[in-house]
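Work through the exercises below with the model open. Try each task before reading its solution.

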Amino acid sequence: MTDQPSPATVAVWGGEDRYLVDRATQVPVVHSVSFGYDDLDTWQDVALGKQDGHIYGRNTNPTVAVFEEKIRLLEGGEAATACATGMAAISSTLHALLKPGDRVVSVKDTYGGTSKVFTDFLPPLGIEVDLCDTSDVDAIEASIDAGCDLLYLETPTNPTLKILDLERLSAKGHAAGAIVVVDNTFATPINQNPLTLGADLVVHSATKYLGGHADALGGAVVGREDLVETVYGYREINGATLDPMAGYLLLRGMKTLALRVERQNQNAGAVARHLEKHPKVERVNYPGLASHPDHAVAARQMRGFGGMLSFSLGPDLEPVRRFLPHLRYAHAAANLGAVETIVGPPATTSHVEVPEDERAALGIPEGLIRYSAGIEDVEDLIDDLDRALDAV
Ligand SMILES: *Cc1c(COP(=O)(O)O)cnc(C)c1O
């Protein structure tokens, strides 16, 4: 990987040569919990990190190490560490890097679980968290000016697909001395690389697009080596380790990441444009549409606009109730980023923890539907949506 291969090539080949045995062309799943040493000196050197190798599965594992190397290469980071889930990656990052007296600046539209860490788990530790209006960049910058040790961003957001200007906000965060962390789950490294836009760390729910088949949970933290080391040190002790079998499934999924995401970008774009013209659809949120308020920022920082969109059938849940059962090619489920199209209202997916009045305050009407475009034929998806909308 010396002459800068493109992401599609890295997705297939990246990190694979790190662990192949007996001339196998595919990475093996190593289930062994521990790794034995005949020689005490070698054992000690590996344990102290002076020599490459593995000691115990909660710390490191050969299959997981290949997953870490592949995501490191895809995001262009100095180092990467894997975690059991996306939330394990996010909560480990926040707990490892923050201390009492610190101040975090973030936005109201982060993933529901992340939001819960901000509102319920950090404040009792003496960590101040300010969650700004995601659409108000001046308010975010003013909050950074008021003191910021860690700036936590997510773009596009869930479920209204708001866009944050990563280059501008990373620069602002750094000027205040903050560590800048970006959740890149929705965009994927195919569409956006926050590290090249100024972020220090990228966090991922590998459960979504990286794995892509909705059959394995996982997470990753990628970026500055000193920071990744600190997060790894914490994760190794809290024990939220990526399971080797899940690591293997994620690796297998990642080989087709570029193919899938390119198709999902196309499908989501075509569906968004179609729905925008549909009389029964009140509003479509997709950063690739010219009507999106931050379309220009998205076009600047993203190579593709992603496979996620949302659309509203009005202020109430009733039309959603009638619409969903008529979709043939969509799972109604709390997930996203898989090869199958997945739909769900925020009330039962991303914002299940958030009361109805707070959802309304966040600009999330009960009639909103989050749509994760799969890799199906787009004409079939559009026909399916039209048929289901006829029932509304
Ligand atoms: C799903 C998701 C997470 C959490 O990931 P898990 O693997 O479910 O723990 C975090 N951020 C975003 C944007 C997500 O979509």
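The exercises that follow concern a predicted model.

**Exercise 1. The loop between β4 and α7**

Task: Which peptide bonds to proline 156 and proline 159 are found here, and where do these prolines lie?

Solution.
- Step 1. Start at threonine 155. Its bond to proline 156 is cis, with omega about -5 degrees.
- Step 2. Go on to asparagine 158. The bond from there to proline 159 is also cis. Omega is near 0 degrees.
- Step 3. Place the two prolines. Proline 156 sits in the loop between β4 (150-154) and α7 (166-175). Proline 159 lies in the loop between β4 and α7 as well.

**Exercise 2. Positive phi**

Task: Take leucine 161 and threonine 188. What is phi at each, and is each residue buried or exposed?

Solution.
- Step 1. Read phi for leucine 161. The value is near 55 degrees, positive although the residue is not glycine.
- Step 2. Locate leucine 161. The residue belongs to the loop between β4 and α7.
- Step 3. Apply the cut-off for burial, under 20% relative accessible area. Leucine 161 has 1%, so it is buried.
- Step 4. Turn to threonine 188. Phi is near 70 degrees, again positive in a residue other than glycine.
- Step 5. Locate threonine 188. The residue is in helix α8 (residues 188-191). Its relative accessibility is 1%, so threonine 188 counts as buried.

**Exercise 3. The cavity**

Task: How many cavities of 30 Å³ or more does the whole structure hold? Describe the lining of the largest cavity.

Solution.
- Step 1. Count. The search finds one cavity of 30 Å³ or more. The space in the largest cavity is about 30 Å³.
- Step 2. List the lining. Pro156, Leu161, Phe186, Ala187, Met302, Phe305, Gly306, Gly307 and Met308 form it. Pro156 and Leu161 also appeared in the loop between β4 and α7.
- Step 3. Sort by type. Seven lining residues are nonpolar, two are polar and none is charged.
- Step 4. Assign domains. Domain 1 (7-254) and domain 2 (258-390) each give at least three residues to this lining.

**Exercise 4. The largest pocket**

Task: What is the volume of the largest pocket, and which residues are closest to its centre?

Solution.
- Step 1. Take the volume. The largest pocket contains about 890 Å³ of space.
- Step 2. Go to the centre. Among the 29 lining residues, Arg18, Asp52, Gly53, Thr60 and Glu229 are closest to it.
- Step 3. Find the elements. Two or more lining residues come from each of α2 (40-47), α3, β1 (79-83) and α9 (225-238).
- Step 4. Sort the lining by type. Eleven residues are nonpolar, eight are polar and ten are charged.

**Exercise 5. The core**

Task: Which members of the largest nonpolar core touch the most other members, and which helix gives the most residues?

Solution.
- Step 1. Rank contacts. In this core of 47 residues, Phe67, Ile140, Leu151, Leu153 and Leu257 touch the most other members.
- Step 2. Find the main contributor. Helix α3 (residues 62-75) gives the most, with five residues.
- Step 3. Check the domains. At least three residues come from each of domain 1 (7-254) and domain 2 (258-390).

**Exercise 6. Cysteines**

Task: How many disulfides does the structure hold?

Solution.
- Step 1. Recall the cut-off: two cysteine sulfur atoms within 2.5 Å.
- Step 2. Test cysteine 148. The nearest cysteine sulfur is that of cysteine 132, 9.1 Å away, and cysteine 148 is in no disulfide.
- Step 3. Give the total. The structure holds zero disulfides.
- Step 4. Add burial. Cysteine 148 is buried at 5% relative accessibility. Cysteine 83 is buried at 0%.

Methods
Residues are numbered from 1 along each chain as its sequence is written. This is a predicted model: local features need pLDDT of at least 70, side-chain atom pairs count only at pLDDT 80 or more; totals for chains, interfaces and linings use all residues. Side-chain values use heavy atoms; hydrogens and water are left out. On a 1 Å grid over the protein atoms alone, a cavity is a set of points where a 1.4 Å probe fits but cannot get out, and a pocket is an open set with protein on both sides within 12 Å along at least five of seven lines; lining residues have an atom within 4 Å of a point. Grid points are joined across faces, edges and corners, and a volume is the space filled by probe spheres set on the points. Ala, Val, Leu, Ile, Met, Phe, Trp, Tyr, Cys and Pro count as nonpolar, Asp, Glu, Lys and Arg as charged, and the others, Gly among them, as polar. Domain bounds come from an automatic or database domain assignment. Buried means under 20% relative accessible area, exposed over 50%, partly exposed in between (1.4 Å probe, protein chains only). A nonpolar core is a set of buried Ala, Val, Leu, Ile, Met, Phe, Trp, Tyr and Cys residues joined through side-chain atoms within 4.5 Å. Helices (H or I, at least four residues) and strands (E, at least two) are DSSP runs, numbered from the N terminus.
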